[in-house]
Amino acid sequence: MIDLVEATKKYDAGPPALAGVTLSVAAGECLAVLGHSGSGKSTLLNLIAGLDRPSSGTVTVDGTRVDRLGEAGSARFRRASIGMVFQFFNLLDDLTVLDNVLVPAQLAGMAKAEARRRSAELLGALGIDRHAKAYPQRLSGGERQRVAVARALMNRPALLLADEPTGALDSHSAADVRQLLLDLNAEGQTILLVTHDVELAASTAHRTIELVDGAVVRDIDNGTGAQARRTATAGGPGWDDEIGAARGSAPVRSAFQATGPTGAAGTAGAPSTPGTPGALR
Ligand SMILES: Nc1ncnc2c1ncn2[C@@H]1O[C@H](COP(=O)(O)OP(=O)(O)OP(=O)(O)O)[C@@H](O)[C@H]1O
Ligand SMILES: [Mg+2]
């Protein structure tokens with residue numbers, strides 16, 4: 001899904017922000033990127049999203065050579081293939097929740113009926129449908145981040161990029177967002193998660209890389225938890241019974257189950273907007 005070969009980013013002066021990064025991320029994987037402030041995490045995200053170009057090396061995402069795209073091409077690529085979630089939500093405060101979620105669909109020229117259907121599906125599955133007509137400022141941080149996730153998923157991106165998505169949240173909301181990422185990944189969503197939080201990385205991602213001065217200094221498999229998630233991704237019956245029970249079920253989670261790919265779970269606690277199988281993807 002993501003392939004970087006010797007990707008380097010140099011700004012005018014000083015050492016490179018990214019120094020010869022070679023990295024492959026498979027479809028369906030959740031990769032966490034750790035590193036101190038200034039280590040190059042956002043630079044890496046920007047190259048992958050086509051927001052910036054490498055000084056040398058190649059960046060391929062979802063079959064597209066992102067480093068070769070011009071401005072219009074890279075905007076098109078982002079609309080079609082990338083969903084982004086940020087620490088401070090970046091919602092438009094003078095649009096309602098629903099209108100925020102609809103923005104990517106409008107930019108992509110999605111038919112109105114389809115956009116309405118998709119947004120209702122997402123708001124329902126993420127448990128924020130009752131806030132559809134509210135303005136973001138009225139919502140809690142956790143709710144705002146769920147709106148941001150709904151917006152990021154609107155066009156069914158191949159890749160979800162999250163830059164410190166729990167950085168501005170209290171621990172309860174952060175746990176909700178973490179669960180949301182786990183559930184999305186269990187449905188097959190490829191995720192790249194930038195975080196300072198070692199525990200969030202270990203408990204959410206299959207794999208963690210660490211950047212120091214723009215270079216990958218560690219690349220570790222997160223072990224048994226990752227194995228459990230892979231089973232879940234395969235749609236095995238173990239997900240609901242074993243992992244779900246062990247983790248408890250947050251409201252967001254039950255909403256996800258109702259729209260999950262197996263379609264087996266979640267008559268109980270179903271969202272008010274009935275989902276279709278795989279609605280979130
Ligand atoms: N537009 C730019 N012009 C010049 N230097 C830049 C630019 N953007 C980033 N840098 C530099 O590149 C390095 C990496 O920055 P980057 O934003 O990728 O770090 P980060 O790991 O995301 O940090 P943080 O955790 O604080 O967000 C830093 O030294 C930064 O000052
Ligand atoms: Mg950053």
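These legends accompany several close-up views of a predicted model.

**View 1. The residues around ligand 1.**
Let's start at the ligand. Tyr 11, Ala 17, Gly 35, Ser 37, Gly 38, Ser 39, Gly 40, Lys 41, Ser 42 and Thr 43 make up the surroundings of ligand 1. By character, this shell divides into 7 polar, 2 nonpolar and 1 charged residue. Which helix gives the most to the shell? That is helix α1, covering residues 41-48, with 3 residues.

**View 2. Helix α1 and its surroundings.**
Here we stay with α1 and look at how its residues are placed. Is this helix largely enclosed by the rest of the structure or largely open? Of the 8 residues of α1, 6 are buried, so the helix is largely enclosed by the rest of the structure. The buried residues are Lys 41, Thr 43, Leu 44, Leu 45, Leu 47 and Ile 48. Two of the names just listed may look familiar: Lys 41 and Thr 43 also belong to the residues around ligand 1. After the helix comes Gly 50, which has a positive phi, near 75 degrees.

**View 3. An open sheet of 4 strands.**
Following the order β2-β1-β4-β5, you can trace an open sheet with antiparallel pairing. At its edges are β2 (18-25) and β5 (64-65), each of which pairs on one side only. Strand β1 (residues 2-9) is joined by 5 bridges to strand β4 (residues 56-61), and the two run antiparallel. To find your way along this pair, look for Asp 3, whose bridge partner in β4 is Thr 60, and for Val 5, whose bridge partner in β4 is Thr 58. There are also 5 bridges between β1 and β2, again with the strands running antiparallel. Here a handy landmark is Lys 9, which has Leu 18 as its bridge partner in β2.

**View 4. Two glutamates with positive phi.**
These two residues are worth a pause when you check the backbone. Glu 6 is not a glycine, yet its phi is positive, about 50 degrees. Glu 6 sits in strand β1. Is Glu 6 buried or exposed? It has 12 C-beta neighbours inside 10 Å, so Glu 6 counts as exposed. Glu 164 likewise is not a glycine and has a positive phi of about 50 degrees. You will find Glu 164 in the loop between β7 (159-163) and α6. Because it has 19 C-beta neighbours inside 10 Å, Glu 164 counts as partly exposed.

**View 5. Helix α5 with α3 and α6.**
Now for some helix packing, with α5 (residues 141-153) as the reference. The axes of α5 and α6 (residues 171-186) come within 9 Å and cross at roughly 20 degrees. The two helices are therefore roughly parallel to each other, and their crossing is right-handed. Helix α3 (residues 97-108) and α5 have axes that come within 7 Å and cross at roughly 30 degrees. So α3 is roughly parallel to α5. The crossing of α3 and α5 is right-handed.

**View 6. Leu 123 in helix α4.**
We finish with a single side chain's neighbourhood. Leu 123 is part of helix α4, residues 112-125. With 23 C-beta neighbours inside 10 Å, it counts as buried. What separates the C-alpha atoms of Leu 123 and Val 149? The separation is 9.8 Å, for two residues that are 26 residues apart along the chain.

Key:
Residues numbered from 1 in each chain as written. Chains lettered and ligands numbered in written order. Predicted model: local features only at pLDDT ≥ 70, side-chain atom pairs only at ≥ 80, totals over all residues. Near = placed C-beta within 6 Å. Nonpolar A, V, L, I, M, F, W, Y, C, P; charged D, E, K, R; others polar. Buried ≥ 20, exposed ≤ 12 C-beta atoms within 10 Å, placed from the backbone. Pairing = 2+ DSSP bridges. Axes fitted to C-alpha atoms, helices over the stretch in contact; angles between N-to-C directions. Parallel < 35°, antiparallel > 145°, perpendicular 65-115°, else oblique. Left-handed = near helix turned anticlockwise from the far one by under 90°.
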